[in-house]
Structures are given as structure tokens and as C-alpha cells.
Amino acid sequence: MRRILGPRFFRRDALTVARALLGKFLVRRVGRKETALMITDVEAYLGLEDKASHASRGKTKRNAPMFAAGGRWYVYFTYGMHWILNAVTGPEGHPSGVMFRGLEGLQGPARLTKALRISKRQNDTPIARATGLWIEDRGVRVPKSRIKRGPRIGVDYAGDWAKKPYRFKLL
DNA sequence: ACGATGATGAAC
DNA sequence: TTCATCATCGTA
């Protein structure tokens, strides 16, 4: 069983998508080489009201991809040296997304983009095979008992929003 | 604990 | 135009 996830999967609220992404496979093709790794750690970033989200300050040149309909990549640069991968979720005009924090055997949002050679070239492109970066359901079932929810990392400045359990980790 | 390293956005 | 901040990581 191997199914490529399309736009419909992503056009739901970020929390639902984040939860559903655990156990799916992020697939990257570079030249003839294909790498598929199971998704094990993600964080949901909600709409304009989520103070931890880039979208909370309104639409800017950087976060514009988040305002599109779900099913696209939002890849941004931070700390002067890191690229961070996000899947845009929700309907058009409702900026939200899911950040990829860890894959099987590859922990760290900036480490996984480096390993898979993901950078601004993937920003604002569709989550599809044609992009060279897509997501597959390979039939892995993830029971609730294997999921640990907790607060998101590195968002202490976000007040009440920093404490919300929007991180989903596969144990 | 902290430096690397530069884009971003808000203030001025 | 300046400046603090930053969805991080590696080294100490």
C-alpha cells in the first residue's frame, strides 16, 4: 500500500493534519536517488491568532505561502543558517501549517532539511511528486498510545500560546 | 552557556 | 537606516 497525499489531505486544520502526518513518509528525490523517511515529530501552527506562528503578524513577503490553500511547502530561513520545512494547511486565506521537527533517525528541523537538501527552491511549491518532495501513506497505523503531545519548542515568547500542546511526537 | 550568521520586521 | 529578534545547532 502506497498512496501519495494530495491537497485534500492538507486542506484541514493544522492540528488534524499534524496528528495524521505521524507515520507517513516524507519522500525526497534528488537526481535518481529517492529517500523516504517516516515522519516522527511535528508541530502545528494555527491561524492569525497563534502568537507563535509567523502568520500572527499578518501577511508579509516571507510568510505569504502560508496564506495559500493547504498542500504547498513553506520553507523559510532562520538563525542566519537554517532552512525549516513546513506543510501549509487549511483553506485559502487561513494561514496555518505543520513544521517538520523530526524524521525516523533524523531529529531536528534544520538537520532534516540539510540531510534532504531542502531549501528555498522548494518554498511555495506544491506538495507533489513533481516537486521532488512529497508525502506518502505507506500503511503504517499509529495508535493514540504511541503519540506524545507537548508544547512546541522555541516559542517561549508567545505567551499563552507557548504552552499549548501542539507538538506531536511518535514514541 | 553561547557563538555562528543573516534575513526579517518594526521602530525611528 | 538601524536594531533586536529569531519555529536552531554544534561545541563547551
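**Exercise 1.** In the loop between which two strands is the place of Tyr 79? Locate this residue in the predicted model, then describe its backbone and its exposure.

*Solution.* Begin with the position: Tyr 79 sits in the loop that runs between β4 (73–78) and β5 (82–89). Next, turn to the backbone, where Tyr 79 shows a positive phi of about 55° although it is not a glycine. To judge this value, recall that most residues other than glycine have a negative phi. Finally, consider the surface: the relative accessible area of Tyr 79 is 68%, and because exposed means over 50%, Tyr 79 counts as exposed.

**Exercise 2.** Carry out the steps of the first exercise for Arg 117: where is its place, and is the residue buried or exposed?

*Solution.* Arg 117 is found in the loop between α3 (109–115) and β8 (133–137). Its phi, near 55°, is positive in a residue other than glycine. With a relative accessibility of 59%, Arg 117 is exposed.

**Exercise 3.** Describe the surroundings of DNA strand C, asking how many residues surround the strand and which polar contacts can be named.

*Solution.* First, count the residues: 18 surround DNA strand C, with Tyr 76, His 82, Asn 86, Met 99 and Tyr 157 the closest. Of the strand's atoms that come within 4 Å of the protein, sugar and phosphate account for 55%. Then sort the surrounding residues, which divide into 11 nonpolar, 5 polar and 2 charged. Last, look at individual contacts: a polar side-chain atom of Tyr 76 lies 3.2 Å from a base nitrogen of DNA strand C, whereas a side-chain N or O atom of Arg 101 is 3.1 Å from a phosphate oxygen of DNA strand C.

Technical notes: Residues are numbered from 1 along each chain as its sequence is written. Chains are lettered from A and ligands numbered from 1 in the order in which they are written. This is a predicted model: local features need pLDDT of at least 70, side-chain atom pairs count only at pLDDT 80 or more; totals for chains, interfaces and linings use all residues. Side-chain values use heavy atoms; hydrogens and water are left out. Helices (H or I, at least four residues) and strands (E, at least two) are DSSP runs, numbered from the N terminus. Buried means under 20% relative accessible area, exposed over 50%, partly exposed in between (1.4 Å probe, protein chains only). A residue is near a molecule or strand if one of its heavy atoms lies within 4 Å of it. A polar contact is a pair of N or O atoms within 3.5 Å; within protein, one must be able to donate a hydrogen and the other to accept it, and residues adjacent in sequence count only if both atoms are side-chain atoms. Ala, Val, Leu, Ile, Met, Phe, Trp, Tyr, Cys and Pro count as nonpolar, Asp, Glu, Lys and Arg as charged, and the others, Gly among them, as polar.
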